[in-house]
Amino acid sequence: METRPGRRRRPVAVNLLADSLIGAWVGASWAVRMRSTTLYKVLAALMVLMAAALVVTHTTALDTLDLPLWAQIPAGVVAGFGIGVVAAIMGVAGGELLIPTIVLLFGEYIKTAGSLSLLISRPTMLVAFARYSRDGSFAVLGANLRFTTVMAVGALLGGLLLGVFPNPVLVPALAVILLVSAVKLAHHE
């Protein structure tokens, strides 16, 4: 009997989702407890790693790791937890890490990985949001309404411009923005 395509992908989503939820809670817990200077340095280091990963995944052809099933599951547990931690600390959905992980670790097509990433990242961010809101971390948004509005409008405009700029321009520009931001964060007082 032939199985539906979704059945084969369900273990991928469950494997990464369960552990990314735990990682998101842990990451948000760490972030609210860290000293600000430590958090700035952690964020700077993560931005440098993200810039490097962005450049590597967009300039080289990486093959699937082709791990046996018994190795994929623990690798997915570690990857899911790490992605959840990073997503919560950086305040991102984690798709920039999930998509390459799904492609490299589980051998899924890029478009399938993008869909699975959406399925995994939204609950992960909701868990991080719940953890941050327990400590009143979002009160700063109301106090800085102008900044919040400018960022929301910028995100909307960025989403509308999706597809306007070609990857050979966009990827290096984003890598440079990440690196400049990392330097600024590392030197933040």
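Let me start with a helix contact. In this predicted model, Gln 72, Ala 75, Gly 76, Ala 79, Ile 83 and Val 86 of helix α3 meet Leu 97, Leu 98, Thr 101, Leu 105 and Phe 106 of helix α4. Sorted by class, the residues in that contact are 8 nonpolar and 3 polar, with no charged ones.

Now the geometry of the pair. Helix α3 covers residues 69-90 and helix α4 covers residues 95-106. Their axes come within 11 Å and cross at roughly 170°. Angles over 145 degrees count as roughly antiparallel, so α3 is roughly antiparallel to α4.

Next, one residue from that contact, Leu 97, which sits in helix α4. What does Leu 97 touch, leaving aside its neighbours within four places in sequence? The partners are Met 50, Ile 83 and Val 86. Of these, Ile 83 and Val 86 belong to the α3 side of the helix contact. Met 50 is 47 residues away from Leu 97 along the chain, yet their C-alpha atoms are separated by 8.4 Å. Is Leu 97 buried or partly exposed? Its relative accessible area is 21%, and buried means under 20%, so Leu 97 counts as partly exposed.

Last, Thr 57, in helix α2, residues 36-59. Thr 57 is also partly exposed, at 32% relative accessibility. Setting aside neighbours within four places in sequence, Thr 57 is in contact with Leu 62 and Pro 100. Pro 100 lies within the residue range of helix α4. For a sense of distance, take Val 26: Thr 57 is 31 residues from Val 26 in sequence, and the two are 27 Å apart in space, C-alpha to C-alpha.

Technical notes:
Residues numbered from 1 in each chain as written. Predicted model: local features only at pLDDT ≥ 70, side-chain atom pairs only at ≥ 80, totals over all residues. Heavy atoms only, no water. Axes fitted to C-alpha atoms, helices over the stretch in contact; angles between N-to-C directions. Helix = DSSP H or I, 4+ residues; strand = E, 2+ residues; numbered from the N terminus. Parallel < 35°, antiparallel > 145°, perpendicular 65-115°, else oblique. Contact = heavy atoms within 4.5 Å. Nonpolar A, V, L, I, M, F, W, Y, C, P; charged D, E, K, R; others polar. Buried < 20%, exposed > 50% of the residue type's maximum accessible area, 1.4 Å probe, protein only.
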